[in-house]
Structure formats: structure tokens, C-alpha cells
Amino acid sequence: MDIIQILSLALNELVAPMTVGYILCAIGLAVHFGFTGLLNFGQAAFAALGAYGYGYAVLVFGWDLWGAILFGLICAMAFAALLGIPTLRLRADYLAIVTIAASQALRFTVGSSTAAPITGGSAGQSQFGESFYALNPFPEGEYNLGTVTLTNLELWMRVVAWGLVAIAALFVFALTRSPWGRVLKGIREDEDAVRALGKNVFAYKLQALVIGGSIAAFGGMVFVMSSQANEPTNWGTNFTFITWTILLLGGAATILGPIVGGMVFFALLTLIESFLEILVNAGLLPFLLIEQVAQIRFLLVGLILMLLVIFRPQGFFGNKKEMQFNG
Amino acid sequence: MNRLLKGPARAIGALIAGFLIFAGLLTASPASAADADPSTFAYTIAGTLQQDDTPITGVTIIASKDAEKFETKSDEFGEWTIMVPTDGIWKVELDTTTIPKEFNLANKDGAVNEADLSQTDFAAVLFKFGTDVVVKQSFTDQLLVRVFAGFNFGLMLAIAAIGITLIYGTTGLNNFAHGEMVTLGAMMMWLFYSFFQWNILVAGLVAVAAVTAFGWAQDAGIWKPLRKRRLGLNQMMIVSIGFGIVARYLILLFFAGDTKDISGAATVIQLGPIFTSDVTLVSMVISVLALLGVAYFLTRTRIGKATRAVSDNSSLAASTGIDVERIIRIVWVVAAALTGLAGVLYGLQFQGNWSMGYDILLLLFAAVTLGGLGAPLGAAVGALIIGMVVEVSTLFMPSELKYVSALLILIVILVVRPQGVLGKKQRIG
Amino acid sequence: MANDISVGKAEPGCKKIDPILVADNVTRQFGGLTAVDVKHVEIPRGKITALIGPNGAGKTTFFNLLTGFDKPNTGTWTYEGKDLAGMPSYKVARLGMIRTFQLTKALSLLTVIDNMRLGAQGQAGEGFFKAFIRPLWSANEKRITAKADELLTRFKLDAKREDYAAALSGGQRKLLEMARALMSDPKLVMLDEPMAGVNPALTQSLLEHIKDLKNNGTTVLFVEHDMHMVRNISDWVIVMAEGKIVAEGPPSQVMKDQAVIDAYLGAHADTDLGTVAINKIKVGK
């Protein structure tokens with residue numbers, strides 16, 4: 001593999017639907033954590049519900065695209081309400097544990113053979129994208145975008161995915177520049193102070209959880225749409241942790257942060273993996289097997305997460321003063 | 001960059017370097033001369049062996065296609081996973097000689113099956129057991145079996161959970177990297193006992209010592225410098241998540257992803273309806289002794305009392321002349337030793353793999369929360385309850401969902417009574 | 001002794017001529033400990049009332065209970081005749097009863113002006129759907145910004161307008177918190193230790209601001225340790241010890257009250273009543 005190939009691989013990762021799936025989830029998490037201060041460690045569950053809801057509506061109800069999207073969205077919103085109403089009163093670290101536990105419980109459940117008639121069990125759902133790809137306006141053929149060549153369907157998927165990112169970013173931008181967003185930031189800083197000023201803190205937190213969860217639901221749909229395969233193993237805690245890493249990389253309380261964070265993160269991973277593969281193939285890393293290179297990816301996730309939180313909690317774009325952690 | 005900033009970075013670098021050297025040693029050994037590491041294979045075949053909801057442990061399952069052949073054993077839950085490198089149709093069969101006597105296949109030809117991986121990268125394979133041949137156990141007998149298993153599981157959770165709660169109590173850290181100490185304990189036991197074939201006691205002690213050293217190094221290299229920098233507790237929690245991921249994947253890199261058979265020659269012992277082994281019974285005794293030891297340490301020794309004082313109010317403790325940092329270091333060492341021991345015992349009884357500790361991490365949190373965060377003996381009681389719930393729940397719901405019940409308990413406790421069932425209500429305002 | 005605030009003699013639980021807040025049988029227990037046990041108390045309207053007492057007397061807890069930040073074991077209380085028991089804190093604030101905190105809660109990573117804007121109530125733009133439609137709230141935003149600027153000038157914080165609140169000194173944060181509380185034109189301001197941690201240069205200006213509040217018709221209830229300050233600005237003093245109200249009356253009278261001296265001396269025998277020393281022996285907060 002030469003340098004050009006590696007770079008084109010990395011470029012492809014920059015815009016890949018999977019990257020976009022994570023970016024959308026990170027934008028949702030920015031609403032949760034960056035602007036409201038909610039330590040949500042169950043973002044995978046919101047994405048999963050979006051994907052499963054969509055798949056179920058298509059495969060079982062036989063609904064069209066719009067109905068299915070709406071159903072996925074409603075599933076994620078209902079989960080946000082169900083989770084949020086009892087837990088949003090809790091201390092930040094308790095909320096973290098509750099959300100991670102809830103997302104794991106959800107994953108175990110949807111992946112079980114008991115739930116197989118609804119969710120497809122451990123095999124999950126597949127082939128639910130027909131109505132989406134039917135809308136593809138691009139004529140059949142290959143599209144050459146610089147170094148990357150895409151089929152018309154792949155191009156369609158990417159156009160829609162990035163369109164969603166743009167909409168989500170504008171949506172969040174408008175919200176955070178409004179008095180509504182000001183209340184959220186106030187809650188992030190000190191919810192008792194905001195309460196003492198007459199704001200219904202609980203209602204705002206619930207709204208933030210639902211909004212961020214809905215954006216994550218779109219992320220989940222995008223994530224599974226390109227391969228048309230939705231497996232329960234996608235939605236483990238690693239999904240959530242990668243989302244966190246992307247968010248913190250870009251800057252938690254920023255709009256562009258999650259987007260650039262996601263692109264940089266996946267391009268970086270691809271570059272490092274390819275580079276390691278070259279080294280391994282050249283026999284320069286005798287202790288590493290070529291198959292193990294893929295595992296390095298997660299190791300890097302952990303390492304980046306640690307180093308970011310310790311040394312640069314505000315991320316690339318965050319204001320140095322506007323560090324995102326309290327207590 | 002100032003000096004404080006350098007501390008953690010250097011420590012992380014040193015830790016990774018240490019792991020890499022260790023990895024070098026391991027890969028130089030004959031173990032890795034074998035084929036490619038199965039954990040990196042893209043295709044998975046999995047299933048659960050059970051008869052009347054009772055898991056069947058230790059059965060060898062072989063997946064083969066053309067000249068390739070991979071095998072594994074079913075774990076304590078009867079669950080098994082084989083990673084295979086290519087797609088297509090794989091033949092999956094049970095080694096009938098490894099099926100324990102109390103279980104039997106529903107029909108003679110039932111030991112051979114197929115996994116179709118031509119369309120997907122995951123296939124579940126079922127083997128039917130029992131029904132027409134075996135007399136169903138009475139409900140009381142089943143309950144006894146589950147309660148015994150729950151007690152055993154709970155004891156192991158308890159010694160690991162005490163570690164979490166001691167650390168939380170003295171430093172306020174929700175340590176998400178705690179499970180990796182369990183895993184490390186089991187992997188070290190595998191290395192010294194199963195791989196190097198050392199004496200079981202020596203291997204166990206060395207494994208616990210290794211995890212203890214890991215705990216010491218963690219506090220010295222990461223947590224103490226971060227405390228000095230006055231990093232917020234929520235930030236520390238996220239650092240622990242990152243550190244847990246790093247540790248987990250380092251373990252995967254060096255020990256590979258297969259299930260490690262750590263058990264030695266165990267003798268089956270029957271107690272009424274309960275089939276158990278000498279290994280299990282001895283490990284239960286060790287767990288109980290360890291718990292009693294912790295109780296003695298905390299209530300009778302000077303350092304133990306100081307530990308409790310730091311947990312209650314660290315600034316007050318400091319003002320009475322207690323060296324808080326020293327106590328925290330001791331707590332990390334004690335917690336790591338206990339957690340390593342849990343890993344060793346867990347591995348001996350149920351095998352181990354690279355993510356075993358992480359898989360039970362939330363159960364540990366559930367136990368700690370149930371007992372009241374920061375209350376060590378509460379955590380032990382909480383762990384026993386969680387162990388019971390996990391096991392007994394399989395009588396009423398599918399065993400694949402047994403962790404879900406524990407997670408729901410965790411959520412409900414945090415929502416309804418965050419100070420824990422046994423904890424005291426904190427004074428507010 | 002006669003006075004123009006209470007009906008009849010000034011004694012614990014006495015009736016006021018024109019009370020704004022009336023509390024009955026408010027108790028709060030932590031474990032076995034009774035932190036607050038107030039039989040009856042009335043806060044006079046349009047006056048400055050000081051709530052004093054040794055550390056651990058339950059003053060802050062009583063504040064938390066009245067404002068809905070904590071739940072009592074028993075008790076009822078009314079504000080402007082409205083029953084407040086069990087009402088969530090944000091609704092209490094909406095009724096015009098605004099509090100500050102002992103440890104200042106300036107919203108560090110919001111600018112000073114955003115802190116102020118957040119203090120205004122009834123903002124349409126704070127609703128989720130209206131937030132998207134700027135014309136629905138831009139006029140109001142202009143109005144509250146003007147008001148905020150005026151208050152900032154009054155509190156001499158106008159130079160810090162665009163700074164993060166985190167960049168302010170301790171005393172400036174106290175000022176900001178008070179100014180923010182005034183954004184909603186409250187009828188009753190409850191200040192929890194407004195002087196704690198404020199340097200002497202700012203103390204005088206804080207005192208003037210509190211007096212200004214009264215001149216504008218706002219009722220003030222504040223918790224304080226500094227007896228000089230209490231004597232200086234308060235019209236009425238309520239003394240708490242071990243959760244109970246042990247004395248009430250005009251400052252000059254209360255300072256001589258044996259129950260008050262006992263309450264302080266009993267708790268801190270080495271403490272001179274006229275000093276700020278009580279402030280310094282606070283633990284753990």
C-alpha cells in the first residue's frame with residue numbers, strides 16, 4: 001500500500017456514513033453534555049433505538065421511509081422520557097452510571113433470543129433500506145470524487161448523511177444562541193442557581209435529553225443504513241465511548257467541534273492503522289500481528305479520551321476558559 | 001508544560017512501555033507461534049448450551065470448514081463463541097465425550113449442526129438437550145442450585161466490589177477501570193498456572209501480587225498526580241473510562257481474545273441436588289476469609305480506622321494528623337489485591353477472557369450502589385444480593401437476560417434510594 | 001419594649017403588623033438530629049430582617065426549606081398569603097421570592113451580561129419552540145439587556161460586562177449574584193451570608209445596595225454572622241440556636257438579650273459577640 005492509497009482511504013473515512021453516524025451522535029451529546037452538563041453515557045442506546053425503530057417499522061409494519069423515520073425518532077424520544085423522568089434529578093456521576101446501565105440492559109435485551117421476534121435477536125435486522133435507496137436521484141454509474149470513487153447509491157447515502165449533519169448543526173446553533181440555550185448553559189454551570197432564578201430546571205434537562213437523543217437516533221439510522229445491517233453488537237459501550245472521544249476532541253460546547261472531531265478522529269485512526277500495517281508487514285514491529293492492528297483502534301480511543309480530559313478538556317475548538325467540567 | 005502536567009503523561013507512557021515489553025516477552029514465547037489470533041477474525045458463531053434452563057459448562061464445540069478447524073468450550077452460562085476467519089457454511093459439532101453425565105442430547109444426531117455465514121458475519125447455533133429423557137429437577141432443587149451458584153458468584157463480586165467502594169470512599173472516584181483488575185488477575189493466573197504450570201498456590205499469590213503492583217502503579221502514576229492537579233471527579237471518572245479501555249485492549253493484544261481455560265483438575269462434589277467442585281468450595285472459603293480479613297482491617301487496625309476516617313471526611317481526617325495520601329495509596333493496594341484475588345478465583349471456576357472484568361463491572365457498581373456508595377461492608381452484602389438475583393432470576397426468565405435484572409436493580413436503587421439500601425442519608429444544606 | 005414592627009412585645013414568634021412571610025411548625029430532621037424546629041415566625045414586609053445564630057443553628061437549612069430547596073418533615077408557610085409548602089423552588093422564585101447562596105453561585109462560564117439576562121423571568125425565548133423564532137423574543141431581549149446594563153452600572157460591574165463570571169473576584173461574584181436576583185424585581189430577597197468572603201472595600205457598597213433595596217420597597221431577609229453589620233443595617237433581628245428561634249426584636253434590644261448571649265457563648269465560649277470570628281470556625285461547608 002502506498003501513501004496515496006492510505007490518504008485516499010483516510011479521505012474516504014472522512015465522509016463515510018459510519019463517521020456521520022458518530023458525528024450526529026456527538027452533536028446530540030454536545031446538547032446533553034456540552035451545553036447542559038448531563039453526563040450521558042448511554043448515547044449508544046438512543047442511536048440503537050433510532051435504528052431499531054426504523055428497521056422495525058419497515059420490516060414489520062411495512063411503513064414507508066417517512067413513517068419509519070418518525071417511528072425511530074419516537075422510540076428514541078420515548079426512551080429519553082422514560083430514562084430522564086426518574087433519573088434527571090440525580091447527581092452527575094449517578095446519571096452516568098444509570099445511563100450506561102440502561103444502555104447495556106437495552107443492548108442485552110434487544111440481542112436476546114427472547115426479543116428475537118421483534119428485534120431479530122443476535123442477528124439483528126437487515127435489508128430495510130429499499131425505500132431509502134429508491135429515492136436516489138443520481139443516475140447509475142460511478143462517481144469520482146478526487147481520490148474516492150463511489151457508486152450512485154453510495155453517493156446518495158453520503159449526500160443525505162451530510163445534509164442531516166448540516167441540519168442538526170444549524171438546529172443546535174439556533175437553539176444555543178437563544179435564551180433557551182442560555183438556560184441550558186446556566187444549568188450546566190449550577191442548576192440550583194438557575195432554579196433560584198425561577199427556571200424549571202427539570203423540564204429543560206428533559207428537553208435537552210430528548211433533543212440530543214433524537215439527533216442520536218438519526219445518527220443510528222445513518223449508521224446502519226449504508227450496510228443495511230443492524231446488529232446488537234454495534235451498540236455496545238464502545239459506541240458511546242467513541243462518541244465521547246469525538247465530542248471531547250472537537251470541543252464539547254461547540255457546534256463545529258463534533259463535526260471536525262469526528263472527521264479528524266476517523267481519518268487519524270485510518271492513517272495510524274495503515275501506517276502500523278506497513279510497519280508490521282515490513283517486519284518492524286515483531287511483537288504485533290497484522291490482525292492485531294485493528295485492536296489498536298480501541299486502544300487509541302481510550303488513550304485519546306484520557307489525554308484529552310487531562311490536558312485539553314475544551315477540545316480543538318473550545319474556548320480555553322470554557323472548560324466543560326464541574327466537580 | 002509545567003511539572004504537574006508531565007506527571008500523568010509520563011506515567012501513561014511508562015505503563016504502555018511496560019506493557020509493550022511484557023508483550024514482547026509473551027510473543028517471544030511458544031504460545032504465539034500458533035496460528036493467527038482468532039479474536040481478530042471477522043465471523044462469529046455462537047450459542048448457548050442448556051438443558052431445562054440449566055447451563056451446560058465445559059463442553060467442547062468444534063467448528064470446521066475444509067481443512068480449518070477451531071474449537072472452544074462452553075462457559076459457566078453454557079455460552080460459547082467461536083471466531084472464524086472466512087465466510088461460507090461451517091460445520092459445528094459437539095464433542096459428546098465432554099458433555100457432563102447429567103445432561104444429554106435430545107436426539108443422537110443432535111451433536112452436529114451447521115452455521116451459515118454466507119450472508120452475515122454472525123450465526124447462532126442451537127443444540128437441543130434433554131426433555132424426553134431426563135427427569136426434571138424439582139423447583140426447590142433448582143432453587144437450591146441457583147442460590148448456591150448465586151452465593152458463590154456473590155462472594156466473588158463482593159471482594160471486587162469492596163475494592164471499588166474503598167476507592168470511591170476515600171477518593172470519590174467512580175473507577176470505570178476496575179474490571180480490568182479482575183481480568184488481569186485471571187489472565188495472570190492463566191499465565192502462571194495454566195501456561196507456566198506453576199503450583200496453584202504460588203501462581204495464585206504471584207497473580208494477586210501482580211495486580212497489587214498494578215494498583216499501586218496506577219495510583220502512583222495516574223490518580224495521585226491527577227488529584228494533585230485537582231482534576232474534577234467527573235473528569236477523573238472519564239479518565240478512568242479511557243484508562244479502562246486502554247488496559248482492556250492491551251490485555252486483548254497480549255492475551256488474545258479466546259477463552260482461557262484456567263481450571264485445573266477439579267473433583268466434582270455432590271451436595272444434595274448441587275453439583276460443585278473442590279475448586280469452587282475452596283474458593284468460597286478463601287472469599288469468606290478475605291471478607292473477614294477486610295472487616296477486621298477496617299474495624300480493628302489503626303490504618304483501617306484511619307481509612308474509615310478518610311472516607312467519612314478527608315479534610316477532617318487530615319486535620320487530625322492522618323496522612324490522607326498515604327491512606328489512599330494503601331487503599332489502592334488493598335483494593336487491587338482484593339480485586340486481583342476475585343479475578344483469580346473467577347478465572348479458576350469459570351474460565352476467563354479479555355473482557356470478563358468489564359462484563360461484570362456494572363454488576364460491581366450495582367452491588368456497591370445497593371450497599372451504599374463508600375460503605376465497604378454494605379458493598380459485600382450488596383454483592384451477595386446481586387449474585388443471588390443474577391442466578392435466581394434464571395429460574396423465571398431466560399438466562400441470557402440475567403444481567404439485565406441486576407442492571408435494572410442498579411437503576412431502580414439509584415433512582416429511589418441513591419444512598420443505598422444500607423447507606424445513611426447524607427445531610428444536605 | 002414597644003416598636004413599630006411587631007404587634008405588642010418583641011418575643012420569639014411574635015406577630016408582625018404587616019408580615020410578608022409566615023411560617024408554622026417547620027421541622028427538619030437529619031437522621032436523629034433536629035436541624036430546624038421553628039414553631040412560628042413572621043417576616044415583616046418592607047424591612048431588613050437579619051437571621052443570626054451560631055454555626056449549626058439551622059439558618060441555612062431554614063432558608064433552604066422556605067425556598068423549596070429542601071423538604072421539611074413537618075410545617076406550613078405562606079408568602080403573601082399563598083401556601084408555599086411543597087412548592088418546587090423554581091415556582092417559589094417565580095412568585096417573587098428570590099434567594100442567593102452562601103457559596104456564591106455565579107455561573108462561571110457564562111458572561112456577566114448573560115448571567116444577568118438569565119435572571120429575568122417570563123422570557124418567551126426560554127420556551128423551546130419559540131426559541132427558534134427570533135422576532136418573538138428579540139424585543140424582550142433588548143429590554144432585559146438594557147435593564148441588566150443599568151443594574152451592572154449600579155453595582156459597578158459594567159466594565160466586566162463581557163467577561164466570564166469565573167474571572168470575577170469573590171466579592172464581585174457576590175455583587176453579581178445580588179444584581180442578578182434583582183433582574184426579576186423580587187418582592188422578597190433572601191441573602192445567605194452576603195458578606196462572607198467579601199473584602200472590606202466592597203462591604204460598604206454591598207451594605208448600601210441592601211439599604212437601597214429597602215428604599216425601593218423590597219423586603220430583605222438575610223443570614224449573617226457579622227454582628228456589626230447586623231446592627232448597622234437591620235430593622236429586625238431573629239436569633240436561631242439549635243434549630244429554634246430563641247429571640248427576636250430590634251437589633252439594639254436583641255444584642256442585650258441574655259438568650260442570645262447564651263446561644264453564642266454556649267456554642268463558642270471563646271467568641272466575642274462583636275467580631276466576625278464566628279465566620280471563621282465554620283467547618284465543612
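**View 1. B:Arg230 is an exposed loop residue.** In this predicted model, B:Arg230 has a relative accessible area of 74% and so counts as exposed (over 50%; under 20% is buried and in between is partly exposed, with a 1.4 Å probe and protein chains only). You will find B:Arg230 in the loop between α4 (200–228) and α5 (233–255) of chain B. Helices (H or I, at least four residues) and strands (E, at least two) are DSSP runs, numbered from the N terminus. The phi of B:Arg230 is near 60 degrees, a positive value in a residue other than glycine. Most residues other than glycine have a negative phi.

A word on conventions: residues are numbered from 1 along each chain as its sequence is written, and chains are lettered from A and ligands numbered from 1 in the order in which they are written. Local features need pLDDT of at least 70 and side-chain atom pairs count only at pLDDT 80 or more, while totals for chains, interfaces and linings use all residues; side-chain values use heavy atoms, with hydrogens and water left out.

**View 2. B:Gln351 is a buried loop residue.** Now look at the loop between α9 (324–350) and α10 (356–371) of chain B, the place of B:Gln351. Its relative accessibility is 11%. Phi of B:Gln351 is near 65 degrees, again a positive value in a residue other than glycine.

**View 3. Chain A meets chain B.** Here 53 residues of chain A and 54 residues of chain B are in contact, which means heavy atoms within 4.5 Å. The buried area is about 4,700 Å², with 74% from carbon and sulfur atoms; buried area is the accessible area (1.4 Å probe) that two parts lose on being put together, summed over both. In chain A, the residues that lose the most area to chain B are A:Ile97, A:Gln295 and A:Met306, together 14% of what that side buries. How many salt bridges (a side-chain nitrogen of Lys or Arg within 4 Å of a carboxyl oxygen of Asp or Glu) cross the interface of chain A and chain B? The rule finds zero. The side of chain A that touches chain B holds 34 nonpolar, 14 polar and five charged residues. In this grouping, Ala, Val, Leu, Ile, Met, Phe, Trp, Tyr, Cys and Pro are nonpolar, Asp, Glu, Lys and Arg are charged, and the others, Gly among them, are polar.

**View 4. Chain C meets chain A.** The contact takes 32 residues from chain C and 30 residues from chain A. Between them, the two chains bury about 2,700 Å², 65% of it on carbon and sulfur atoms. On the chain C side, C:Leu109, C:Glu126 and C:Phe128 lose the most area to chain A, together 24% of what that side buries. There are four salt bridges between these chains, one of which joins A:Lys199 to C:Glu126, with the closest N and O atoms 3.1 Å apart.

**View 5. Two domains of chain C touch each other.** An automatic or database domain assignment gives the bounds: domain 1 (43–71 + 86–106 + 169–280) and domain 2 (108–167) of chain C. Their centres, taken over C-alpha atoms, are 27 Å apart. In chain C, 18 residues of domain 1 are in contact with 19 residues of domain 2. The area buried between these domains is about 1,700 Å², of which carbon and sulfur atoms give 61%. One salt bridge is counted between the two domains. C:Lys147 and C:Asp185 form a salt bridge, with the closest N and O atoms 2.8 Å apart.
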